[in-house]
Amino acid sequence: MAAKAVKELAADSVETTPPVEAGEEYLDALENAFLKAERHAGSSQQFYSIAGHLLQLRLAGDALIPLITPPLQHLRVSPSPAEPALRVCAWDPETTGVRAPDCPWDTGDSGDQAKISVRNWDGFEFALFKGTGELNVLDRRRKLGFHCVNRAAAIFSGPLLIQIHWWLREFGLHCMHAGAVGFKHGGALLVGKGGSGKSTSALCCLDSNLGYVADDHCLVSAGAAPYAHSLYSSGKLTPAQFEKLSFVKLLADSPSSAAADKTVIFLAQSARHKLLPGFPVRMVLVPRIVGGLTTGAVPISPVEALKALAPSTLFQLIGASQKDLRAMAELVRKVPCYRLELGTDLAAIPRAIEQLLLRQFE
Amino acid sequence: MSIDERLRYTISNPPIVHESFGDEAVIVNLNTGAYYSLDKSGLAIWNLISQGASIGEIVDHLSSRYAAERGKILVSVAELISSLQGEQLIHSESDAVHRANDPVESNSNSGEKIPFEPPLLNKFTDVEDLLILDPIHDVDAAGWPQKR
């Protein structure tokens, strides 16, 4: 029997084994825990349209509201009678007094700080960050997600990233580690690992003719006409960047939040006019700090762009797969790719991007 | 060195994801945070491995394309396969020797042969800290996590 067929048989047999029930019981226990947290601490809900898909966020208590909702504020929509495509139930154990139930499988010894993940098993995804206790669960059959996190571990700038990645990739929307700036009829993705100048380049564009979609993560549909969708209206800056980009201080909603060694700014209120819901992707730019004054662009191969985009994207997503890499490869094959050689004159960065885009539109 | 040319290998997907372009393949190990590239003869070998070719079939293919002795190509192929195995990017198929050959895409070269350069596996670890700091224990289709 071919190895492929053996693997398929093995996968089938897993789906009919008794532990399915353990998963079902665990999901029921999670739902009961969330309902208990709601009873203890009160409940609120908000609706968001994420790349056209309706997300209902149900929160037990109010401790997570300032931690989860600000970066999503620009995608908020009125409460809808329509069935949401996904309902995420979120709570924190500290203020609600309700812990997430223990998962029904071995999570290793107590000193182990790893993430434990279960990948797309019978429509179910699970990730537990043992160090912080952050739990993410998605049950596609029930269109239901759970997010349990202590306040100290909540991610200010990119909340629910794992949930959104799991949920929307089924619709061909891939979370990519990329900034996105441009015009409503076309823009550029800025890709590269942390420290490459991606966020600086994106945030510089707030002081230019270009609109802003993302500085760090966005959703991209690949295929014949790649399109970038806004996910978060936040930006992350080091103290040095924050000092250099003085105009950002004026645009950012207050108060900003400190996360790790970076300041997180929220743009939904005072910089709403700069935010774009998305645009067709017309090019991929790989920033590189080279010194000098001006910023220039050099054509690069698709594979060079993929090497800048793919590893840092894939390594940040739990449950990343060949499908995600394939989407990124499709993207860089479809549009021209450039290395954006960044100079010290920050105002020159958006000008260079704008010129590249205008040339592309001709 | 005795090399069994009947051996075949399988790309360890998951956790290995890969994409081939015209002149280069990008290979990512989602477990370790390392990524790799292969070009020239290395790209051809990688593509043939992914098609299920045996060592002998890979060597035959390269011999039709490159101006080098078959023995030299065989040693280079074996060395690259050893590196790929060492990086846990591929594993040998336990039933590979005995299974019927799947047709491997034929790409014999009737034109002039080009000089052979031994393949080189380029490894990049510049973003592995994203994973190393916070390793993941995965469970995939092989089974649900062990019940307590």
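This passage describes one helix and several unusual backbone sites in a predicted model. Residues are numbered from 1 along each chain as its sequence is written, and chains are lettered from A in the order in which they are written. Local features were taken at pLDDT of at least 70 and side-chain atom pairs at pLDDT 80 or more, while totals for chains, interfaces and linings use all residues.

Helices (H or I, at least four residues) and strands (E, at least two) are DSSP runs, numbered from the N terminus. Helix α3 of chain B comprises 17 residues, 70–86, and its end C-alpha atoms lie 24 Å apart, in agreement with the 24 Å expected at 1.5 Å a residue (1.5 Å times one less than the number of residues). Its buried residues (20 or more other C-beta atoms, placed from the backbone, within 10 Å; exposed, 12 or fewer; partly exposed, in between) are B:I73, B:L74, B:S76, B:V77, B:L80, B:I81 and B:L84. Seen down the axis of α3(B), these fall within an arc of 165°, so they line one face of the helix; the arc is that of the directions from the helix axis to the C-beta atoms. On the other side of α3(B), B:G71, B:S82 and B:G86 are exposed.

Most residues other than glycine have a negative phi, and most peptide bonds are trans. In the loop between α3 and β6 of chain B, B:Q88 has a positive phi near 60° and is partly exposed, with 14 other C-beta atoms within 10 Å. A:L160 also has a positive phi, about 60°, but is buried, with 26 such neighbours within 10 Å. The peptide bond from B:N13 to B:P14 is cis, with omega near -10°, and that joining B:P14 and B:P15 is cis, with omega about 15°.
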